[in-house]
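User: I'd like to go through the labels on this model and hear what backs each one up. Can we take them one at a time?

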Amino acid sequence: MNRTCPKCNVVFWADPGESLGAMYLDYAVATAVFIVLWAVLSWTTSLSDLAQWIIISVVTVASVLACYPITRSAWTVLVYISGGIERPRLKIVRGGRT
Ligand SMILES: [Zn+2]
């Protein structure tokens with residue numbers, strides 16, 4: 001992930017703890033995948049508990065990894081909406097001609 005915007009040089013995640021927020025989104029993805037997959041497997045198949053556990057674990061980890069760039073992007077958008085990303089200030093030239 002880029003630390004700064006290549007066009008306007010704004011810093012995306014200024015705080016060191018900002019990545020924690022993206023981990024919340026990872027957690028949400030993992031929980032959602034886990035619950036949906038568990039419900040589907042238990043209602044539509046008659047697999048053993050161990051087989052279900054293995055399938056759910058693998059798919060959950062894979063979905064978190066697959067959604068990794070999306071959760072980072074989504075968190076950056078949330079930080080932007082909440083005002084956490086500030087554009088570099090424009091220089092105001094008082095009384096001068098540009
Ligand atoms: Zn930019």
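User: Where in helix α2 does the kink lie, and how big is it?

Analyst: Keep in mind that this is a predicted model. The kink is at Tyr 68, shortly before the proline Pro 69, and comes to about 50°. Helix α2 itself covers residues 49-81.

User: Why is Pro 69 called exposed?

Analyst: Exposed takes over 50% relative accessible area. Pro 69 has 51%, so the label applies. Pro 69 is found in helix α2, and its C-alpha atom is 8.0 Å from that of Met 1, 68 residues apart along the chain.

User: And Cys 67, why does that one count as partly exposed?

Analyst: Buried needs under 20% and exposed needs over 50%, with partly exposed in between. Cys 67 sits at 23%, so it falls in that middle class.

User: What makes Cys 5 and Cys 8 donors to the zinc ion?

Analyst: The SG atoms of Cys 5 and Cys 8 coordinate the zinc ion at 2.2 Å. The cut-off for a donor here is 2.8 Å, so both sulfurs qualify. Water is not among the atoms, so the site may look incomplete.

User: Which accessibility classes do Cys 5 and Cys 8 get, and why?

Analyst: Cys 5 has a relative accessible area of 16%, under the 20% limit, so it is buried. Cys 8 has 31%, which lies between 20% and 50%, so it is partly exposed.

User: How many disulfides are there in the whole structure?

Analyst: The search comes back with 0. A disulfide would need a pair of cysteine sulfur atoms within 2.5 Å, so no pair meets that cut-off.

User: Which residues make up the largest nonpolar core?

Analyst: There are 8 of them: Cys 5, Val 10, Phe 12, Trp 13, Ala 22, Trp 75, Val 79 and Ile 85. Cys 5 is thus a zinc ligand and a core member. Ile 85, leaving aside neighbours within four places in sequence, is in contact with Val 10, Val 11, Phe 12, Thr 76, Val 79 and Tyr 80.

User: How do you know that Thr 76 is buried?

Analyst: Its relative accessible area is 13%, and anything under 20% is buried, so Thr 76 makes the cut. Thr 76 lies in helix α2. Outside its neighbours within four places in sequence, Thr 76 is in contact with Met 1, Phe 12, Trp 13 and Ile 85.

User: What do the buried residues of α2 pack against?

Analyst: They pack against α1, residues 19-44. Among the buried residues of α2 are Gln 52, Ile 56, Thr 60, Ser 63 and Val 64. In an α-helix there are 3.6 residues a turn, so residues three or four places apart point the same way.

User: Why is Asn 9 called exposed, and what's odd about its phi?

Analyst: Asn 9 has 54% relative accessible area, over the 50% limit, so it counts as exposed. Its phi is positive, about 60°, although Asn 9 is not a glycine. Asn 9 lies in the segment before α1. Gly 83, which follows α2, has a positive phi near 85°.

User: What does the whole protein chain add up to?

Analyst: The secondary structure is 2 helices and 0 strands. Of the 98 residues, 24% count as buried. The chain exposes about 7900 Å², with carbon and sulfur atoms supplying 67% of it.

Conventions:
Residues are numbered from 1 along each chain as its sequence is written. This is a predicted model: local features need pLDDT of at least 70, side-chain atom pairs count only at pLDDT 80 or more; totals for chains, interfaces and linings use all residues. Side-chain values use heavy atoms; hydrogens and water are left out. Donors are N, O and S atoms within 2.8 Å of the metal (3.2 Å for Na, K and Ca); water is not among the atoms, so sites may look incomplete. Buried means under 20% relative accessible area, exposed over 50%, partly exposed in between (1.4 Å probe, protein chains only). The bend at a residue is the angle between axes fitted to the seven residues ending there and the seven starting there. Helices (H or I, at least four residues) and strands (E, at least two) are DSSP runs, numbered from the N terminus. Contact means heavy atoms within 4.5 Å. A nonpolar core is a set of buried Ala, Val, Leu, Ile, Met, Phe, Trp, Tyr and Cys residues joined through side-chain atoms within 4.5 Å. Accessible areas come from the Shrake-Rupley method with a 1.4 Å probe; for residues, only the protein chains shown count as cover.
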